[in-house]
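Colleague: Please take a close look at one part of this model for me: the cysteines and the core around them. What do they do there, bonded or free?

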Amino acid sequence: MRKSLWIVIAVAAVLVLGGLLFERNERIFSSGGEEGESEEARTDSYAAPTEAPAPLLAPGQSITYNFDSDSPGGMPARFHSARTGQGTEAKWVVMADPTAPSKPNVVAQTSADSTDYRFPLLIADDGGFRDLELSVKFKAVGGNVDRAGGLVFRLKDANNYYVVRANALEDNYRLYHVVDGRRRQFAGANFKVTSGEWHELKIECVGNKIICYYDGQKKIEATDDTFKGAGKVGLWTKADSVTYFDDLRVTAK
């Protein structure tokens, strides 16, 4: 009698475990990707403060930031820091770099917090842009989880924007929209991205068409209707990426 009871309990346990595994696999399959990708999409985001409205620049007007008039050791003027996701706040600092494309200063994200779903932002305060050309020079300096640098545009707040980024550990270039703090890739390209060297990222965004360049070569062309209105621009990194930036330039179209 006792042996029969144990057999019944064992069979019931196997059925319950099998049901849980089936439910897990169904969730992964329905997400349309690997489990890590679905976890990223479900990550809770913090409540980002609403960005103050910025005046729209007229077509043809440009702003260039080379950080050379900013004092080393502090935040650059006319910018503020934000973060998508989790982990500690970003640490953006102006610093001298003898290799800077326009000497003497660059702006760098120096925090090495290795939280995977952590995206430091440095947002420009000066203007809003809908159709634009945006470029920056960047150098991937360090990072074991990621070694990335990117441009954000049509930014509404720290949880809603477009970003194109290059990653020197993954050797790829990716275009995402971030909606309510959840990042989704909709275009990309794979090629060698070297660390310790300066490269140029550039995007052209007109209407729903986005073209992304890397060192002057067109790498991505895509359309997307997620963000149709004007927004702010800025810089982006991921996780423990230590990345330098120089010569951020935006032109309204």
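Modeller: The sulfur of cysteine 212 lies 8.9 Å from the closest cysteine sulfur, the one in cysteine 205. That is too far for a bond, because a disulfide needs the two sulfur atoms within 2.5 Å. This is a predicted model, and a search of the whole structure finds zero disulfides. Cysteine 205 is accordingly in no disulfide; its nearest cysteine sulfur is that of cysteine 212, 8.9 Å away.

Now the surroundings. Cysteine 212 is buried, at 0% relative accessible area. Cysteine 205 also counts as buried, with 0% relative accessibility.

Leucine 175 leads us on from there. Leucine 175 touches Cys212. Its other contacts include Phe153, Val163, Val164, Phe186, Ala187, Ile210, Ile220 and Ala222. Arg184 and Gln185 are touched by leucine 175 as well. Residues up to four places away in sequence are left out of that list.

Leu175 is among the residues with the most contacts inside the largest nonpolar core. The others so named are Leu132, Leu134, Phe153, Tyr173 and Leu235. That core has 43 residues. Strand β6, residues 132-142, gives the most to this core, with five residues. Another core lies apart from it, with 14 residues, including Ala82, Ile123, Leu155 and Ala158. In soluble globular proteins, nonpolar side chains tend to be buried together.

Last, the wider setting. The protein chain has two helices and 15 strands. Of its 253 residues, 49% count as buried. Among its contacts with a separation of 6 or more, 69% join residues 24 or more positions apart.

Key. Residues numbered from 1 in each chain as written. Predicted model: local features only at pLDDT ≥ 70, side-chain atom pairs only at ≥ 80, totals over all residues. Heavy atoms only, no water. Core = buried A, V, L, I, M, F, W, Y, C linked by side-chain atoms within 4.5 Å. Buried < 20%, exposed > 50% of the residue type's maximum accessible area, 1.4 Å probe, protein only. Helix = DSSP H or I, 4+ residues; strand = E, 2+ residues; numbered from the N terminus. Contact = heavy atoms within 4.5 Å.
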